[in-house]
Amino acid sequence: MATRHQVRQSVVSLLYANEMGSEMDEFAEEFLEEKKIRNDQKKFTLELYNGVLQNLDLIDEALNIHLGKWKLGEIGSVERAILRLGAYEIKFTNTDDAIIINEAVMLANELGSDSSTRFINGVLDAISKVK
C-alpha cells in the first residue's frame, strides 16, 4: 500500500505530465498501476490531482500573490507542481498546514533544485497564514 508521501509524489508527477501535454486518462491509469497505487490511495491521488486542476485559477492566483518578484510561469515545472499541490491542500483540505508544508519541502528536496526547499517552504507558509 502506498504511503501518503508516495501519493503526493504521484500527484506531482501527474501534474507535471499534464503540463507537458501527456494524454492524461490513459497515462494516469498506467502510471498509478505501475506505482502500485490502488484502491483508497488511488482515490486519494485522483482527488488531489483533480482538485488541483479544478481549482487551478484560484490556486495560481494565491501563488502569484506570494511569489514575490517571480511569476508562476518563471519557476520550474516540478516546483510549480509542488506549489500547486501544496496550495490546493492548504486552501481546500482539512490536512494540517504543517504536514502539508513539510510534505512539500520533502518533495522539493527529492524532486526539485537545490534552492527549491526554502522557496517552497516560504511561499506555502505565507499562503497558510492568509487562508
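Colleague: How are tyrosine 88 and phenylalanine 92 placed relative to each other in helix α5?

Modeller: The model is a predicted one. In it, tyrosine 88 and phenylalanine 92 are four residues apart in helix α5, so about one helical turn separates them.

Colleague: Why is tyrosine 88 called buried, and what class does phenylalanine 92 fall into?

Modeller: Buried requires a relative accessible area under 20%. Tyrosine 88 has 11% and is therefore buried. Phenylalanine 92 has 35%, which lies between the limits of 20% and 50%, so this residue is partly exposed.

Colleague: How many aromatic pairs does the structure hold?

Modeller: There are two aromatic pairs. One of them joins phenylalanine 27 and phenylalanine 31, with 5.6 Å between the ring centres and 20° between the planes.

Colleague: What makes the pair of phenylalanine 27 and phenylalanine 31 stacked?

Modeller: Ring centres must lie within 6.5 Å to pair, and planes under 30 degrees apart count as stacked. With 5.6 Å and 20°, phenylalanine 27 and phenylalanine 31 satisfy both conditions, and the pair is therefore stacked. These two residues are also about one helical turn apart, being four residues from each other in helix α2. Phenylalanine 27 is partly exposed at 29% relative accessibility, whereas phenylalanine 31 is buried at 12%. The rings of tyrosine 88 and phenylalanine 92 have centres 5.4 Å apart and planes at 25°, so that pair is stacked as well.

Colleague: Which residues touch the most other members of the largest nonpolar core?

Modeller: Leu63, Leu83 and Leu124 do, in a core of 37 residues. At least two core residues come from each of the helices α1, α2, α3, α4, α5, α6 and α7. Helix α5 gives the most, namely seven residues. In general, nonpolar side chains of soluble globular proteins tend to be buried together.

Colleague: What does leucine 63 touch, not counting residues up to four places away in sequence?

Modeller: Leucine 63 touches Leu72, Leu83, Arg84, Ala87, Val123 and Ile127.

Colleague: How do you know whether threonine 45 is buried or exposed?

Modeller: Its relative accessible area is 0%, which is under 20%, so threonine 45 is buried. The residue is found in helix α3. Leaving aside residues up to four places away in sequence, threonine 45 touches Val7, Ser10, Val11, Leu14, Leu32 and Ile37.

Colleague: Which side chain of opposite charge is nearest to glutamate 79?

Modeller: That side chain is arginine 80, at 7.6 Å. A salt bridge requires a nitrogen within 4 Å of a carboxyl oxygen, so glutamate 79, with its nearest such partner at 7.6 Å, has no salt bridge although it is buried. Glutamate 79 lies in helix α5. Among residues more than four places away in sequence, glutamate 79 touches Gly112, Ser113, Ser116 and Ile120.

Colleague: How many salt bridges does a search of the whole structure find?

Modeller: The search finds eight. One of them joins lysine 42 and glutamate 29.

Colleague: Why is the contact of lysine 42 with glutamate 29 called a salt bridge?

Modeller: The closest N and O atoms are 2.6 Å apart, which is within 4 Å, and the contact is therefore a salt bridge. The pair links distant parts of the chain, since lysine 42 belongs to helix α3 and glutamate 29 to helix α2, 13 residues apart. Lysine 42, at 23%, is partly exposed, and so is glutamate 29, at 40%.

Colleague: What salt bridge does arginine 38 form?

Modeller: Arginine 38 pairs with glutamate 33, the closest N and O atoms being 2.7 Å apart. Arginine 38 has a relative accessible area of 39% and is partly exposed; glutamate 33 is partly exposed at 42%.

Colleague: What makes lysine 129 count as it does in relative accessibility?

Modeller: Its value of 63% is over 50%, so lysine 129 counts as exposed. Lysine 129 meets aspartate 125 in a salt bridge of 3.0 Å, N to O. Aspartate 125, at 30%, is partly exposed. Both residues lie in helix α7, four residues apart, about one turn of the helix. Elsewhere, salt bridges that share partners join Glu19, Asp60, Arg80 and Arg84 into one network.

Technical notes
Residues numbered from 1 in each chain as written. Predicted model: local features only at pLDDT ≥ 70, side-chain atom pairs only at ≥ 80, totals over all residues. Heavy atoms only, no water. Core = buried A, V, L, I, M, F, W, Y, C linked by side-chain atoms within 4.5 Å. Buried < 20%, exposed > 50% of the residue type's maximum accessible area, 1.4 Å probe, protein only. Contact = heavy atoms within 4.5 Å. Lys, Arg positive; Asp, Glu negative; His and termini not counted. Phe/Tyr/Trp six-rings, centres within 6.5 Å; stacked < 30°, edge-to-face > 60°.
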